[in-house]
Structures are given as C-alpha cells and as structure tokens.
Amino acid sequence: MMNSRDKKVKAEALEALKSRSGKVIAKATETAFARAAERSFQFPFTTATVGRNGAFMFCRYHKTGHGIDLETLAEHEDETGYEFPINMLMVDATGKELRVTMGGEGSDRITFH
C-alpha cells in the first residue's frame, strides 16, 4: 500500500511524463504543419496520434477566415498520458499523407517518414 509521500511522487512523475509527451506532440504537430504547407496539402487535414499504451487522439483541422480550427473527433488517454514512442499520421483532403514517429528509447527525437 502506498503512503501519501509515495502517492505524491507517483503523481509528480505522471505529470512530468504527460508534460514531456505533450511538448513533443505539440512540436511534432507544428513541424508537420510546416511540412504539409511545403507539400501543398489541402484542408481539411485529419490527424491520428497514438501512443504505445493505446492513448490516442483523432483530430480534423479546418482553415477558416480567422486561422485554423481544431475539431477533436475522438480521444482516449489514461492516467499515464501518451507513452513513447508516439506515432502520428496526417492526411489531407486529397489523400496526401505525412507519418511521424516521436520519441522512443528515452529520446524526444521526431522522425518524419
């Protein structure tokens, strides 16, 4: 049975993991948008982001007169957040795709395929 100190340490570790994975996903998404623009992707874009532990988020990005709107289509995340490696697939309205792998083996590396 965990004492209150152990519970606090576990909660802090989980928050650090979520923070790290969130930052890596945000950076990968930003870079993917830049690469999509270079490749003349057409809106809307759909992304599927999936962690090793089954955490996932499916989103659609629409271009509007005010910028880009995000629509979350489905998501699941447990208490650990997204565990590395994390994979993302981005598909545009014409079927063009980008694939991204994030992290793995203690690294925050972002690899485009």
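**Notebook: salt bridges, sheet and core**

**Entry 1. Arginine 99 and its partner**

I began at arginine 99, which is partly exposed, with a relative accessible area of 42%. The model is predicted, and I read every value below as computed from it. I then looked for an acidic partner and found that the side chain of arginine 99 meets that of glutamate 97 in a salt bridge, 3.8 Å from N to O. Glutamate 97 is also partly exposed, at a relative accessible area of 34%. I noted the cut-off here: a side-chain nitrogen of Lys or Arg must lie within 4 Å of a carboxyl oxygen of Asp or Glu, so the 3.8 Å pair qualifies.

**Entry 2. The other salt bridges**

How many salt bridges does the structure hold? I count three.

I turned next to aspartate 108 and arginine 20, whose side chains form a salt bridge at 2.5 Å, N to O. This pair links distant parts of the chain, since aspartate 108 belongs to strand E6 (residues 107-112) and arginine 20 to helix H1, 88 residues apart. I checked the exposure of both partners. Aspartate 108 is partly exposed, with a relative accessible area of 40%, and arginine 20 is partly exposed at 28%.

The remaining pair that I looked up is glutamate 83 with arginine 52, where the closest N and O atoms are 2.7 Å apart. Glutamate 83 sits in the loop between strand E3 (67-76) and E4, and arginine 52 in the loop between strand E1 (45-51) and E2; the pair therefore ties together parts that are 31 residues apart in sequence. Arginine 52 is exposed, with a relative accessible area of 58%.

**Entry 3. Overall layout**

I recorded the secondary structure as one helix and six strands. Along the sequence the pattern reads α-β-β-β-β-β-β. The protein has 113 residues, of which 28% count as buried. I also looked up the exposed surface, which is about 7,200 Å², with 53% of it supplied by carbon and sulfur atoms. Among contacts between residues at least 6 apart in sequence, 53% join residues at least 24 apart.

**Entry 4. The sheet**

In what order do the six strands of the open sheet stand? I read the order as E3-E2-E1-E4-E5-E6, with antiparallel pairing. E3 and E6 stand at the edges with a single partner strand each, so one side of each has no neighbour in the sheet. On average, neighbouring strands are turned by 15° against each other, direction ignored.

I then went through three of the pairings. E1 and E2 pair in the antiparallel sense over six bridges. Phenylalanine 45 has tyrosine 61 in E2 as its bridge partner. These two strands form a hairpin with four residues between them, and glycine 54 in the turn has a positive phi of about 95°.

E2 and E3 run antiparallel and are joined by nine bridges. The hairpin they form has two residues between the strands. In this pairing I noted arginine 60, whose bridge partner in E3 is glutamate 71.

E5 and E6 also run antiparallel, with four bridges joining them. Here threonine 101 stands opposite threonine 111 in E6.

**Entry 5. The nonpolar core**

I looked up the largest nonpolar core, which has 20 residues. Which residues have the most contacts inside this core? They are Phe45, Met90, Leu98 and Met102. The elements giving two or more residues to the core are helix H1 (4-38), strand E2 (56-64), strand E4 (86-91) and strand E5 (97-104). H1 contributes the largest share, six residues.

I examined leucine 98 further. Leaving out residues up to four places away in sequence, leucine 98 touches Ala32, Arg35, Ala36, Arg39, Phe41, Met88, Leu89, Met90 and Phe112. Phe45, which I had already met as the bridge partner of tyrosine 61, appears again in the core list.

**Entry 6. Threonine 29**

Is threonine 29 in helix H1 buried or exposed? I find threonine 29 buried, at a relative accessible area of 15%. The cut-off for buried is under 20%, so the assignment holds for this residue. With residues up to four places away in sequence not counted, threonine 29 touches Tyr61 and Met88. Met88 is also among the residues touched by leucine 98, and Tyr61 is the residue I recorded opposite phenylalanine 45 as its bridge partner in E2.

Note on methods. Residues are numbered from 1 along each chain as its sequence is written. This is a predicted model: local features need pLDDT of at least 70, side-chain atom pairs count only at pLDDT 80 or more; totals for chains, interfaces and linings use all residues. Side-chain values use heavy atoms; hydrogens and water are left out. A nonpolar core is a set of buried Ala, Val, Leu, Ile, Met, Phe, Trp, Tyr and Cys residues joined through side-chain atoms within 4.5 Å. Buried means under 20% relative accessible area, exposed over 50%, partly exposed in between (1.4 Å probe, protein chains only). Contact means heavy atoms within 4.5 Å. Two strands pair if DSSP finds at least two bridges between them. Accessible areas come from the Shrake-Rupley method with a 1.4 Å probe; for residues, only the protein chains shown count as cover. Axes are lines fitted to C-alpha atoms, for helices over the stretch in contact, and angles run from 0 to 180 degrees between N-to-C directions.
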